[in-house]
Amino acid sequence: MAETRNTPKAPVLSDFSGQGALYDGLMRTLDDGTFVHAYLISGMEGIGKRTLSRLMAQHLLCQAQHKPCGTCPSCIQVQEGNHPDAVIVTPGKPLSPDVKSGLQGISVDEIRYVISLVGQHTFIGGRRVVIIERAEKMNQPAQNALLKTLEEPMPGTVFLLLTDSPELLLPTIVSRCRALKLHPWPDEVVLKALKNHGVEDDMARKALHVCGGSIGRAVAIAADERFWQRRQDVMQDFFTIGSRSDILRISSEWKDRKDESDALLDDLEDMVRTLLIVRLGRQEESMLSGYPEPWQHLARKGELKAFIQLSEAVSEARRLRGSQVTWQAVVEKLLLRFMEEKSKWST
Ligand SMILES: [Zn+2]
């Protein structure tokens, strides 16, 4: 299977034209030079924030007439991640060995180091781009340090902050940046991207249904056998459970899979959402083919309240998981809730 994969073509800015007004506005300001000094690129994981930031950096640093050309030395250096005027801050990867890194986060020392770089002459062409990946990983002092620079922009420097959780950034940082919020991609765009990555039709359809409009996520799960195995386990354990006597057996199996607890809760949430969107008529009933009969009933006739309660049960499990309650007890409670709902719809 793997050998049939072709190499996907390199992304270009016009790939983002499907983002509509966001793309049109951005291109206008990049082309006429009225771009601002800081952007906040947000949107769910795998939606294309990183790709967009690299393409913007290419555009801003390109030395050719028609930007970004993709072939000049500057464009190539940005693509390869070694352009001297493109500074990329990534959590856990300090820019200099002298800087104290924040392990998983972005420390104030790293931001101060970036600010000191920004104050120096550029190497080529007078422009500089600073990309801060997972910007929400900046701790409070780091965010405060960055704020000062955003308030008094350096001519020629453009900051691109990337995040899937803008709510974790100081409101003052958010308000200093122009928002570029990437939206879920339409189905046909996701399918095309999967095809481009050599994913077979059947798998592409399956991945499409669970990716939430994120191309990166779709590509990743299409190649992830563990993902599909776990989904099957979750379907088997939570959606076919028939009696209380199964609860102990199933919960003790999941007790040993605590490292997958995030993924399990995500799966459950996603499966409930699938039932709901079919109920709302936004997806075809064919999406339910893997669900046992009682759940298909629910998706045809259930009241919205039932879906909300199931979602809340998953959210509560997420909260309880971090508390004194054992993971196994959290799973038991969830199993009970799903079993109760299923029994209402069994004939
Ligand atoms: Zn170029």
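In the predicted model, helix α10 (residues 225–239) and helix α15 (residues 327–345) have axes that come within 9 Å and cross at roughly 70°. The helix α10 is therefore roughly perpendicular to α15. On the α10 side the contact is made by D237, F238 and F239, and on the α15 side by V331, L334, L335, F338 and K342. Sorted by class, the residues of this contact are six nonpolar, no polar and two charged.

A second residue set of α15 was examined through Q328, which lies in this helix. Q328 has a relative accessible area of 16% and is buried, because the limit for that class is under 20%. Apart from residues up to four places away in sequence, Q328 touches L248, S251, S252 and K255.

Helix α15 is also met by L265, a residue of helix α12 (residues 261–279), since L334 is among the residues that L265 touches. The other residues touched by L265, not counting those up to four places away in sequence, are V314, A317, R318 and R321. With a relative accessible area of 0%, L265 is buried. Between the C-alpha atoms of L265 and Q296, which are 31 residues apart along the chain, the separation is 21 Å.The pair formed by helix α13 (residues 293–301) and helix α14 (residues 304–321) was described in the same terms. Two packed helices are described by the angle between their axes and the distance between the axes. For α13 and α14, the axes come within 8 Å and cross at roughly 120°. The two helices are therefore oblique to each other. W295, L298 and A299 in α13 are in contact with A306, F307 and L310 in α14. The contact of α13 with α14 comprises six nonpolar residues, with no polar and no charged ones.

The model contains a zinc ion whose protein donors are the SG atoms of C62, C69, C72 and C75, at 2.3 to 2.4 Å from the ion. The angles among the four donor atoms are 104 to 117°, and the site is tetrahedral. Along the sequence, the donor residues follow the spacing C-x6-C-x2-C-x2-C. Accessibility was computed for two of these donors. C69, at 28% relative accessibility, counts as partly exposed, whereas C72 is buried, with a relative accessible area of 11%.

Backbone geometry was examined next. Most residues other than glycine have a negative phi, and most peptide bonds are trans. The peptide bond that joins K67 and P68 is cis, with omega at about -15°. P68 is placed in the loop between α2 (49–61) and α3 (73–80). R134, a residue other than glycine, has a positive phi, near 45°. The location of R134 is the loop between β3 (128–132) and α5 (140–151). At 43% relative accessibility, R134 counts as partly exposed.

A further loop residue is H37, found between α1 (21–32) and β1 (38–42). The relative accessibility of H37 is 23%, which places this residue in the partly exposed class. When neighbours within four places in sequence are left aside, the contacts of H37 are with L150, P153, T157, V158, F159 and R176. H37 and L268 are 231 residues apart along the chain, and their C-alpha atoms are separated by 41 Å.

For the protein as a whole, the secondary structure comprises 15 helices and five strands. The C-alpha trace spans about 75 × 45 × 40 Å along its principal axes. The protein has 347 residues, of which 44% count as buried. Of the contacts between residues at least 6 apart in sequence, 67% join residues at least 24 apart.

Technical notes:
Residues numbered from 1 in each chain as written. Predicted model: local features only at pLDDT ≥ 70, side-chain atom pairs only at ≥ 80, totals over all residues. Heavy atoms only, no water. Axes fitted to C-alpha atoms, helices over the stretch in contact; angles between N-to-C directions. Helix = DSSP H or I, 4+ residues; strand = E, 2+ residues; numbered from the N terminus. Parallel < 35°, antiparallel > 145°, perpendicular 65-115°, else oblique. Contact = heavy atoms within 4.5 Å. Nonpolar A, V, L, I, M, F, W, Y, C, P; charged D, E, K, R; others polar. Donors = N, O, S within 2.8 Å, 3.2 Å for Na, K, Ca; no water. Tetrahedral: all angles 85-135°; square planar, octahedral: opposite > 155°, others 65-115°. Buried < 20%, exposed > 50% of the residue type's maximum accessible area, 1.4 Å probe, protein only.
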